Amino acid sequence: MRIAIILGTRPEIVKMSPVIRSCLARSVDFSIIHTGQHYSYEMDRIFFFELKLPDAAYNLEVGSGTHAAQTARMLTGLEQILLEDPHDVVLVQGDTNTVLAGALVAAKLGVPLGHVEAGLRSYDRSMPEEINRVVADHLSDLLFAPTETAASNLRKEGRPDPAIFVTGNTVVDAVFQNLSLAAGDETIFSRLGIEKGGYILVTAHRQENVDRRENLAGILKGIEHVANYFGVPVLYPIHPRTRKMVERFNLRVPDNLHLIEPLGYFDFLLLEASAQLVLTDSGGVQEECCILKTPCVTMRKNTERPETVAAGGNILAGTDPEAILSAARAMVLRPRTWENPFGDGRSGDRIVRHLQKKFA
Ligand code: UD1
Ligand code: UDP
């Protein structure tokens, strides 16, 4: 069996890393095909380096662009690679344009397709990610759903039961595998001049949030309210999309919000694990906070990760500044006793074992 692991962005590298590690441990033949959707060192290479992942066999270097332009470059590049270098199965993870392109190419070439993290739904088609995940799920032969909720979403859309496997989310594997490695170097706290447990962490980059002036301004104002109320440093490793939009909209960054460059996985995990509170609109960060028992406020009106809200580890606030503050105040008062709904940390290996049985 030969697996083509298609990835292209920061969260895909993190969440595919347990699958890659399992392939290496089991001597399964695989190639990493990188679309190059993310390409800045701190959005891409740093994760290969820290997580000790083998280099990609191919990198399409598609870079940034409109959805159509970016996806089109991926489609032609991926088709050519899979025609010239055949694989038995294609794996994609998540909901990015890389996933959309990988799924379309595999399906059109008749190569079996597996979708890791299948079945998530926000039921909000204004999100490009929702469109990508629906298409990928409907083209996939193997649907690796992280939870029963995700599996039930797939069944409701008529996806056949024998194609659905509840595996847990590989993000749990990534957290468990890397947190103790990260703890080997805790200099991030002194480098940032903060105390463990004495700060708030922010991430936000969703297109519908940061490409709209009103929403981005609401987020910045909400963060300012939270910073004033709690009186602790607020750190924001800012995504390049958001930095660009803050400059384009000429928005004022509150004085008590510290913008820093995106961090590597180890430093970021350490900051997440010891934060008083996390404000985010990221999918992976909602999950990691739930796993690490760090209170989370999501600056969105909906989430395709309702398990985090049901568990008690996450409150949805939208982008209204007052709503962000009141959700933050409520969230920090909750006892951190919720259960991790995303599995036991062996999802990557479960997926690879399944592929081995299927394509032996
Ligand atoms: C993409 C995914 C999103 C995912 C996010 C993870 C889609 C539709 N969106 O969003 O689901 O949550 O990745 O972070 O696939 N840029 C850089 N360097 C990079 C990459 C991007 O500077 O390495 C800047 C460019 O200005 C670019 C912008 O960020 O235009 C957006 O990049 P893009 O890949 O289009 O989308 P993301 O917002 O990163
Ligand atoms: N992350 C990181 N450094 C950062 C911000 C995030 O390593 O500065 C990691 C985070 O721990 C999680 C992943 O990136 O594993 C989430 O990626 P992102 O928020 O970009 O995408 P999403 O999950 O929303 O698709």
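Contact here means heavy atoms within 4.5 Å. Keep that in mind for these exercises on a predicted model.

**Exercise 1. Work out which residues of α12 and α13 meet, and how the two helices are oriented.**

Step 1: Find the helices. α12 covers residues 265-274 and α13 covers residues 283-292.

Step 2: Look for the touching residues. On the α12 side you should land on Tyr265, Phe268, Leu269, Glu272 and Ala273, and these meet Val285, Glu288, Cys289 and Leu292 of α13.

Step 3: Sort them by class. The contact has seven nonpolar residues, no polar ones and two charged ones.

Step 4: Turn to the axes. They come within 10 Å and cross at roughly 55°. Angles from 65 to 115 degrees would count as roughly perpendicular and those under 35 as roughly parallel, so α12 is oblique to α13. The crossing is right-handed.

**Exercise 2. Describe how α1 packs against α16.**

Step 1: Start with the geometry. α1 (residues 10-25) and α16 (residues 347-358) have axes 8 Å apart, at an angle of about 55°. The pair is therefore oblique, and its crossing is right-handed.

Step 2: Name the contact residues. α1 brings Pro18, Val19, Ser22 and Cys23, while α16 brings Gly348, Asp349, Ile351 and Val352.

Step 3: Count by class. You get five nonpolar, two polar and one charged.

**Exercise 3. Do the same for α10 and α15.**

Step 1: Geometry again. Helix α10 (residues 213-230) and helix α15 (residues 321-333) pack with their axes 7 Å apart, and the angle is about 40°. That makes this pair oblique, and α10 passes α15 in a right-handed crossing.

Step 2: List who meets whom. From α10 come Gly218, Ile219, Lys221, Gly222, His225, Val226, Tyr229 and Phe230. Their partners in α15 are Pro321, Glu322, Ile324, Leu325, Ala328, Arg329 and Val332.

Step 3: Classes once more. Nine residues are nonpolar, three are polar and three are charged.

**Exercise 4. Put the annotated domain on the chain, then check the predictor's confidence.**

Step 1: Read the record. An unreviewed UniProt entry annotates residues 27-355 as "domain: UDP-N-acetylglucosamine 2-epimerase".

Step 2: See what that stretch is made of. Over residues 27-355 the chain is 47% helix and 14% strand, and the end C-alpha atoms lie 13 Å apart.

Step 3: Check the scores. The protein's mean pLDDT is 98, with 100% of its residues at 70 or more. For the complex, the predictor gives an ipTM of 0.99 and a pTM of 0.99.

Conventions:
Residues numbered from 1 in each chain as written. Chains lettered and ligands numbered in written order. Predicted model: local features only at pLDDT ≥ 70, side-chain atom pairs only at ≥ 80, totals over all residues. Heavy atoms only, no water. Axes fitted to C-alpha atoms, helices over the stretch in contact; angles between N-to-C directions. Helix = DSSP H or I, 4+ residues; strand = E, 2+ residues; numbered from the N terminus. Parallel < 35°, antiparallel > 145°, perpendicular 65-115°, else oblique. Left-handed = near helix turned anticlockwise from the far one by under 90°. Nonpolar A, V, L, I, M, F, W, Y, C, P; charged D, E, K, R; others polar. UniProt positions renumbered as here; feature names shortened; annotations may be inferred. pLDDT = per-residue confidence, 0-100.
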